[in-house]
Amino acid sequence: VSEYIAQNFIPVKLNIKDSRAAWHRFEVQWSPTIMILDSDGKEHFRYEGFLPPANFLAELDFGRGRVAFHRKQWDEATSLFNSAAARDTKTEMAAEGAYWAAVAQYQKTHDPSALKNWGKRIAAEYPNTTWARRALVYTTEGAPKA
Amino acid sequence: MAVDWRKDADAAIAEAKTNGKLVLLDFSAAPA
């Protein structure tokens, strides 16, 4: 975990006792809150709560994926979303990562088959997630037009 | 490898500008 953080981030720990102004500035409601900012200080991702290392890394992959997505770096985003999904295939993150990987590929290609294929896959692999519910539109009504 | 946690968000953002990295903020109630 520490190597991953060192490779990808400038890490900042903001303890509530010493950093009340930062907690207020970023509207933090609960501890721990993990947040990813770009070099302009813009927030791209946050989550709350303690997680085991594999799930923590999945969240960081996903957050980096959101940054790449916002920058329209579709292949980088796809890779990071897929990595997040693969870190623990039994969680909602697996379904969510697969969803956003498909969306990133759709944004790159405007080929609805990415969404259709994903829709079938997630409905089969993650049937009890909200992501499977989101997949319904692609499996039964067709993907949106580009 | 120990994480080199900074304590100043604005300094970290400035540092991120120079090396192209992202900033990871960890808001914790536990002692630093």
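Between chain A and chain B, 18 residue pairs are in polar contact, both partners having a pLDDT of 80 or more. The model shown here is predicted, and this report walks through how its two chains meet.

**Who touches whom**

On the chain A side, 34 residues are in contact with 27 residues of chain B. Together the two chains bury about 3000 Å² between them, and carbon and sulfur atoms give 63% of that area. If you would like a place to start looking, try Ile10(A), Val12(A) and Lys13(A): these three supply 27% of the area that chain A buries against chain B, more than any other three residues.

Several elements of chain A take part. Helix H1 (2–8), strand E1 (9–15), helix H2 (20–25), strand E2 (33–37) and helix H3 (53–70) each bring at least two residues to the side of chain A that touches chain B. The largest share of that side, seven residues, comes from E1(A). Sorted by class, the side of chain A that touches chain B holds 19 nonpolar, eight polar and seven charged residues.

**Strand against strand**

E1(A) also has a partner in the other chain. It pairs with strand E1 of chain B, residues 22–28, in the parallel sense and over seven bridges. Within this pairing, Val12(A) has Leu25(B) as its bridge partner in E1(B). Val12(A) is thus one of the three residues named above for their share of the buried area.

**Charged pairs**

Side chains of opposite charge can pair when their charged atoms come close. Over all chains, the whole structure has 10 salt bridges, and three salt bridges are found across the interface of chain A and chain B. Two of the pairs linking the chains are set out here.

| Chain A residue | Chain B residue | Closest N to O distance |
|---|---|---|
| Lys13(A) | Asp26(B) | 2.8 Å |
| Arg25(A) | Asp10(B) | 2.9 Å |

What joins Lys13(A) to Asp26(B)? Their side chains meet in a salt bridge. Lys13(A) sits in strand E1 of chain A while Asp26(B) sits in strand E1 of chain B, so this pair joins two chains. The two strands that hold these residues are the ones that pair in the parallel sense.

**How confident is the prediction?**

For the complex, the predictor gives an ipTM of 0.92 and a pTM of 0.91. Chain B has an average pLDDT of 91, with 94% of its residues scoring at least 70.

Technical notes: Residues are numbered from 1 along each chain as its sequence is written. Chains are lettered from A and ligands numbered from 1 in the order in which they are written. Side-chain values use heavy atoms; hydrogens and water are left out. pLDDT is the predictor's confidence in each residue, from 0 to 100. Contact means heavy atoms within 4.5 Å. Buried area is the accessible area (1.4 Å probe) that two parts lose on being put together, summed over both. A salt bridge is a side-chain nitrogen of Lys or Arg within 4 Å of a carboxyl oxygen of Asp or Glu. A polar contact is a pair of N or O atoms within 3.5 Å; within protein, one must be able to donate a hydrogen and the other to accept it, and residues adjacent in sequence count only if both atoms are side-chain atoms. Helices (H or I, at least four residues) and strands (E, at least two) are DSSP runs, numbered from the N terminus. Ala, Val, Leu, Ile, Met, Phe, Trp, Tyr, Cys and Pro count as nonpolar, Asp, Glu, Lys and Arg as charged, and the others, Gly among them, as polar. Two strands pair if DSSP finds at least two bridges between them.
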